[in-house]
Structures are given as C-alpha cells and as structure tokens.
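This briefing is meant for a reader who is new to the structure. Please look over the sequence and the model, then read the points below by topic.

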Amino acid sequence: MIGSPGSRPAEGAPPRPGRLALRHGGRPLVARRRLAAALGSRLPRPGQRIGLLGGSFNPAHAGHRHISLLALQRLGLDGLWWLVSPQNPLKPSAGMAPHAARIARAEKLAKHRDITVTGIESVIGTQATADTLAALTRYFPGVQFVWIMGADNLQQIARWERWPQIFHAAAIAVFDRPTYSHRALAAKAARRFRRARVVGRAVGGLATRPLPAWAFLPIPLSKLSATDLRRLEGG
Ligand SMILES: Nc1ncnc2c1ncn2[C@@H]1O[C@H](COP(=O)(O)OP(=O)(O)OP(=O)(O)O)[C@@H](O)[C@H]1O
Ligand SMILES: O=C(O)c1ccc[n+]([C@@H]2O[C@H](COP(=O)([O-])O)[C@@H](O)[C@H]2O)c1
C-alpha cells in the first residue's frame, strides 16, 4: 500500500511531514516509470535491503566506493544507491558542479553491479533527507532502507531538517572517518539515540531491526575527501 511507512512501523515515530503529498487523485505523484528511469530500471523489491549513500559527490572519490563495498558486505545489502544530492541544504551552491556532471562522474567511478548511481531526489522533488526517506519508504513499501554516512555527518546531523525523523524512517550505518570518531560518538544525535545503538554481531542485521536503530562501524580508514580533490584539481 502506498502511504505505508514500509515493513517496520517505528513505534513512537514523530508524524511524517504533512506537506509531502505523495498521492494525488489516488495515484502516486511520480509515475513508476520515472522512478525506474532514475534507478536505471532497477526497482527494488519488497524485502530487499537497500543502502542509501546520500552525498554531494562533488566529486565522487574512492572513499565513497570504499564505504559502499564495506556496507554491502557487512550489512548484507542487496544493493546500494548513491543518492547524488541536487544541493546539500547546508552547503553553498557556489563551487558545486552541475548535478548531471556529478552524476556522470560518480557513474564512471562506481562501476559495480550492486551500486546504482541516481539523482532520484530531483525526480521526487526532495532535498532534505527526512523528506527523501519519507518519500522512498512510501514509493517502495517493504524495502529495508539503510541510510549510510560517514562519521562527519553523525557529528552534524542534529543540524539537518527534522533530523529525529531520519532515525525513525531508516536504520542508519555510520562509517568511521579520520579525525571524526570521538566527536561523532559524543555528538547530540548519538547521545539522544544512545539506546537505539546496535553493537557487536547484531550490526550485520541492522537493516531489519525495529526502528530507531543505528550502528557505528569501525573500518580501515580512508583519508580521501572531495574537498581535497577539488583543491588538487584547482576547483
Ligand atoms: N573517506 C571517507 N570515509 C568515510 N566516509 C566518507 C568518506 N568520504 C565521504 N564519506 C561519506 O560519504 C557521504 C558523501 O560524502 P560527500 O559527497 O560529501 O564527500 P566528502 O568527501 O565528505 O565531501 P566534502 O569534502 O566536499 O565535504 C558522506 O556521508 C560522507 O561522510
Ligand atoms: O536534510 C538535511 O537538512 C540535510 C542537511 C545536510 C546534508 N544532508 C544530506 O546528507 C547527505 C550528505 O551530504 P554531503 O554534502 O555531506 O555529501 C546528502 O544526502 C545530503 O542531502 C541533508
């Protein structure tokens, strides 16, 4: 049923954003063929575990691929989408390469059968992650979405729009990143949701845990960043 939050109703979840109308005249606002086009015809099936690595990808780099491969393995994902954001609400648009150019470059780098590069947020008309997750869980009921991010974003997620809703909309996997681990784990979001943290062997089943659920994954670190790459490329 479109409009259901997926197979994992979150107990005590805050109300979904009212302004996000996904049905009009009984039909979804975005036709399935447009969603399929944005996903290279690879629509997910109910029950599948799909990782969502949201990012500016300005530009994509091997650090993105590194955490994506680890996410696929360690979380037993069926697929992982690189959600190339039209515009991060907290980043300046100056210096941001055009959306299509960032997608094209990410596609060249991803090159993995389980990774889909997509600009789907521009198709469904969302920018804030809370809205993106609300839309995806309605368009794809029963799909187990896992939001993937680096530790730098756990540190600052409490500045994102309606951020607690994100914890109630999808499981969250945080991948360690040089210099951020301690700050991230001491930050507001980690403290507020400390009881929802999944540790040890249970992390492998994060995708199917009742929400909220999040985990911090220590990994072999990658120092790569888009900021450094832009500097090297003279951008
Ligand atoms: N080397 C890395 N290790 C762990 N996570 C990373 C790494 N690089 C990027 N990420 C994560 O990937 C997601 C998308 O990152 P983004 O496209 O902003 O790249 P970035 O290198 O962080 O860019 P910038 O330097 O411009 O902020 C974010 O959640 C970010 O934390
Ligand atoms: O929802 C928000 O308010 C929000 C604020 C900042 C970042 N985000 C999302 O976080 C993801 C990572 O962004 P970035 O620019 O650090 O790669 C990307 O999907 C953004 O849309 C979302």
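A residue counts as exposed if 12 or fewer other C-beta atoms lie within 10 Å of its own, and as buried if that count is 20 or more. By this rule threonine 179 is exposed, because 12 other C-beta atoms lie within 10 Å of its own. The model described here is predicted. The chain has 235 residues, and 37% of them are buried.

**Overall make-up**

- The secondary structure of the chain consists of 10 helices and 8 strands.
- An unreviewed UniProt entry lists residues 52–230 as "domain: Cytidyltransferase-like".
- Over residues 52–230, helix accounts for 39% of the chain and strand for 17%. The C-alpha atoms at the two ends of this stretch are 24 Å apart.
- Of the contacts between residues at least 6 apart in sequence, 79% join residues that are at least 24 apart.

**Nonpolar core**

- The largest nonpolar core has 55 residues.
- The residues with the most contacts inside this core are Trp82, Val146, Trp147, Ile148, Ala171, Ala173 and Val174.
- Isoleucine 148 is in contact with Gly51, Leu52, Leu53, Ile67, Ala71, Ala173 and Phe175, leaving aside its neighbours within four places in sequence.

**Strands S6, S7 and S8**

- Strand S7 spans residues 171–175, and 5 of its 5 residues are buried, so S7 is largely enclosed by the rest of the structure.
- Both faces of S7 are covered. Ala171, Ala173 and Phe175 are buried on one side, and Ile172 and Val174 are buried on the other.
- Strand S6 covers residues 144–150, and S6 pairs with S7 in the parallel sense over 5 bridges.
- Tryptophan 147 stands opposite isoleucine 172 in S7.
- S7 also pairs with S8 in the parallel sense, over 4 bridges.
- Alanine 173 has alanine 215 in S8 as its bridge partner.

**Helix H5**

- Helix H5 runs over residues 129–139. Because 10 of the 11 residues of H5 are buried, this helix is largely enclosed by the rest of the structure.
- The buried residues of H5 are Thr129, Ala130, Asp131, Thr132, Leu133, Ala134, Ala135, Leu136, Thr137 and Arg138.
- The cover over these buried residues includes S3, strand S4 (79–84), helix H4 (120–124), S6 and helix H7 (163–169).

**Surroundings of ligand 1**

- There are 19 residues around ligand 1, and Gly55, Gly63, Gly150, Ala226 and Thr227 come nearest.
- S3, H2, S6, helix H6 (151–156) and helix H10 (226–232) each supply at least two residues of this shell.
- H2 gives the largest share of the shell around ligand 1, with 3 residues.
- By class, the shell around ligand 1 divides into 7 nonpolar, 10 polar and 2 charged residues.

**Surroundings of ligand 2**

- There are 15 residues around ligand 2, and those that come nearest are Gly54, Gly55, Ser56, Ala128 and Trp160.
- Strand S3 (49–55) and helix H5 each supply at least two residues of the shell around ligand 2.
- The shell around ligand 2 is made up of 6 nonpolar, 7 polar and 2 charged residues.

**Cis peptide bonds**

- Asparagine 58 and proline 59 are joined by a cis peptide bond, with omega about 5 degrees. Proline 59 is in the loop between S3 and helix H2 (62–74).
- Leucine 211 and proline 212 are joined by a cis peptide bond, with omega about 0 degrees. Proline 212 is in the loop between helix H9 (188–192) and strand S8 (214–217).

**Positive phi angles outside glycine**

- Lysine 111 is a residue other than glycine with a positive phi, near 40 degrees. Lysine 111 sits in the loop between helix H3 (99–110) and strand S5 (115–118).
- Lysine 111 counts as exposed because it has 9 C-beta neighbours inside 10 Å.
- Threonine 179, the exposed residue named at the start, has a positive phi near 75 degrees.
- Threonine 179 lies in the loop between S7 and helix H8 (181–186).

Key: Residues numbered from 1 in each chain as written. Chains lettered and ligands numbered in written order. Predicted model: local features only at pLDDT ≥ 70, side-chain atom pairs only at ≥ 80, totals over all residues. UniProt positions renumbered as here; feature names shortened; annotations may be inferred. Contact = placed C-beta atoms within 7 Å. Near = placed C-beta within 6 Å. Nonpolar A, V, L, I, M, F, W, Y, C, P; charged D, E, K, R; others polar. Core = buried A, V, L, I, M, F, W, Y, C linked by C-beta atoms within 7 Å. Pairing = 2+ DSSP bridges.
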